[in-house]
Amino acid sequence: MRIGLLGTGPWADMAHAPALAGHGGLDFVGVWGRRPDAAKELAGRHGTRAYDDVDALLADVEAVAVALPPAVQADLAVRAARAGRHLLLDKPLAPTVAQGRAVTEAVRAAGVASVVFFTTRFQPETEAWITEQAAEEGWFTARAQWLGAVFGDGGSAFADSPWRREKGALWDVGPHALSVLLPVLGDVRRVAAAAPGPGDTVHLVLDHAGGASSTLTLSLTAPPAAAGAAVELRGTAGVALLPQAPEGPVPALRRAADALLAAAGGGRPHPCDAAFGLRVTEILAGAEALLTDRGCRPGPARSVSARQSPD
């Protein structure tokens, strides 16, 4: 499959470009970005072409991978789907329900395949654990913690990302937690509570269709020594803990590309398709609305850098 990459920022550099270039089933045709010089540099390091015009890239490929801020991703995903291109997207699908719905409607109308990259869902150990726990009955409650140190003093490549500063951990790592909890506990009937913590930290209480409840603690301002992800399930089967995944994002992204190839080849839609991405967006928007009603902003309590962030 001929595929192009939209985006030239840190995530495109460290994850998407290596994954596409090293995938045996993909022909990595080229890169487009909002910064032409960065597109040329990234394309040159992976032996592919830099495109100045996104429509020219779309004309040369069968699929696109997107590594751009959510609002930009949503608009370009609609454009690509309408051009008949399959979509390898990142989380969150979109920053608003309306934009997420526009993506799913474009995908449905065009009949193209879509996969949203939730890292945990494409790592063998964690995906096998999710499948095993989803087959169990009687889960009573769950606790998920997704804690990052992006906005600390660790020099994260994502610290100056405007959309992360605006939307915070709720929208950046919240999708990861939901991607684990929803297939095990069922859809969220309602966001029962949402409260802020230090920095951009958010605490959520969710009521699931299967009858269980879950609590989430999400942060990008955790101390580096406290950073990490953990999920604990409790029910009639006892206690189950999400295993740690030893590998980085590049192998997981290659598996997401495998899933896109399978879906595009006439296979069943992957569980993490655009429709699932939309449902995650709807839940996040519901939590954000509760926080707004409390007069809270989801982003960190610090000023946004005036410097333009990379894609």
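Helix 7 and helix 10 lie oblique to each other in this predicted model. Helix 7 covers residues 162–172, and helix 10 covers residues 274–293. Their packing angle is about 120°, and their axes are 10 Å apart. That angle counts as oblique because the roughly perpendicular range ends at 115 degrees and roughly antiparallel begins over 145. The crossing of helix 7 and helix 10 is right-handed.

Which residues make the contact? Helix 7 contributes Lys167, Leu170 and Trp171. Helix 10 contributes Thr281, Leu284, Ala285, Ala287, Glu288 and Leu291. By class, this contact between helix 7 and helix 10 holds 6 nonpolar residues, 1 polar residue and 2 charged residues.

Next comes a sheet. It is open and has 6 strands, in the order 8-9-10-7-11-12. The pairing within it is mixed. Strand 8 (188–196) and strand 12 (238–241) are at the edges. Each of these has a single partner strand, so one side of each has no neighbour in the sheet. On average, neighbouring strands here are turned by 15° against each other, direction ignored.

Strand 7 and strand 10 sit side by side in that order. Strand 7 spans residues 139–147, and strand 10 spans residues 213–219. The two run parallel and are joined by 7 bridges. One pair to find in the structure is Thr141, whose bridge partner in strand 10 is Ser213.

Another parallel pairing links strand 5 (residues 86–90) to strand 6. Here 4 bridges join the two strands. Leu88 has Val115 of strand 6 as its bridge partner.

Are the faces of strand 6 covered or open? Strand 6 runs over residues 114–117, and both of its faces are covered. In a regular strand, side chains alternate between the two faces of the sheet. On one side of strand 6 are Ser114 and Val116; on the other are Val115 and Phe117. All of these residues are buried. Val115 thus appears in two roles: it is the bridge partner of Leu88, and it is one of the buried residues of strand 6.

Finally, look at Arg255. It is found in helix 9, residues 249–264. Arg255 is partly exposed, because its relative accessible area is 29%, and partly exposed lies between the cut-offs of 20% and 50%. Leaving aside neighbours within four places in sequence, Arg255 is in contact with Phe122, Gln123, Pro124 and Glu247. The C-alpha atoms of Arg255 and Arg121 are separated by 9.6 Å, though the two residues are 134 residues apart along the chain.

Technical notes: Residues are numbered from 1 along each chain as its sequence is written. This is a predicted model: local features need pLDDT of at least 70, side-chain atom pairs count only at pLDDT 80 or more; totals for chains, interfaces and linings use all residues. Side-chain values use heavy atoms; hydrogens and water are left out. Two strands pair if DSSP finds at least two bridges between them. Axes are lines fitted to C-alpha atoms, for helices over the stretch in contact, and angles run from 0 to 180 degrees between N-to-C directions. Angles under 35 degrees count as roughly parallel, over 145 as roughly antiparallel, 65 to 115 as roughly perpendicular and the rest as oblique. A crossing is left-handed if the near helix is turned anticlockwise from the far one by less than a right angle, and right-handed if clockwise. Contact means heavy atoms within 4.5 Å. Ala, Val, Leu, Ile, Met, Phe, Trp, Tyr, Cys and Pro count as nonpolar, Asp, Glu, Lys and Arg as charged, and the others, Gly among them, as polar. Buried means under 20% relative accessible area, exposed over 50%, partly exposed in between (1.4 Å probe, protein chains only).
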